[in-house]
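This report describes one protein model, from its overall surface to its core and a surface patch.

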Amino acid sequence: VKLENGVDKKGNPVEVSFYRGRKSGELVGTAFTVVAPDGYSGNISVMIGVRPDERVNAIEILNHAETPGLGDKITFSSFKDLFKNKGLENADWRVKKDGGEFDQFSGATISPRAVVGAVKKGLDDHIAYNQKLIDKLKAENDANYSRAVTILWMVTVAVLLVVGFLGYKMYHVITGGLDRMQGAMEDVSSS
């Protein structure tokens, strides 16, 4: 499923694709990429892994052009690990400078702020994706139910037609046989 995730600095729409992971048929998580359009030096692509409980399992910075030694610290494990186990309900999705709980770096607030905002928006989009998926599955189930009822009705009509035709034939075979038997009995009794 694809959802629009805002626009980049050039005004181009940014779409996000959601990939569901399963193990032994059970959902173990969803992975998707979001783009932070407001990085210091442009777009920052972030892969987010979300558990079934709607909390972040991990993030990975896929692409960025942030300043080496400053904004590029968003790629450090110490920053990425701040997102583990965070969900919409248990985190203040702002950097500390803005009153939130996510660390920024000295001299580089824009890059972490962009990543925090993108991950939060990604979680919001993930919830919208789940609702869209539920709606789609419900519509498919409703359509499948309607098709099943139609097929059952058609099979019932076909069976009734076959039974009716066979009944008609049996009636004529039986009545024709009775007519021949009655004729044979009349021949025997007249002799």
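## Surface, core and patch

The protein exposes about 12,000 Å², of which carbon and sulfur atoms supply 59%; accessible areas come from the Shrake-Rupley method with a 1.4 Å probe, and for residues only the protein chains shown count as cover. The model is predicted: local features need pLDDT of at least 70 and side-chain atom pairs count only at pLDDT 80 or more, while totals for chains, interfaces and linings use all residues. Residues are numbered from 1 along each chain as its sequence is written, and side-chain values use heavy atoms, with hydrogens and water left out.

Two helices and five strands make up the elements of the protein, in the order β-β-β-β-β-α-α from the N terminus. Helices (H or I, at least four residues) and strands (E, at least two) are DSSP runs. Of the 191 residues, 30% count as buried (under 20% relative accessible area; exposed is over 50%, partly exposed in between).

The largest nonpolar core (buried Ala, Val, Leu, Ile, Met, Phe, Trp, Tyr and Cys joined through side-chain atoms within 4.5 Å) has 28 residues, and V46, I48, I59, F83, W93, V115 and V119 have the most contacts inside it. These elements each give two or more residues to this core:

| Element | Residues |
|---|---|
| Strand 2 | 13-23 |
| Strand 3 | 26-39 |
| Strand 4 | 42-50 |
| Strand 5 | 56-63 |
| Helix 2 | 110-190 |

Helix 2 gives the most, with seven residues.

V155 also lies in helix 2 and is partly exposed, at 46% relative accessible area.

Terms used: Buried < 20%, exposed > 50% of the residue type's maximum accessible area, 1.4 Å probe, protein only.
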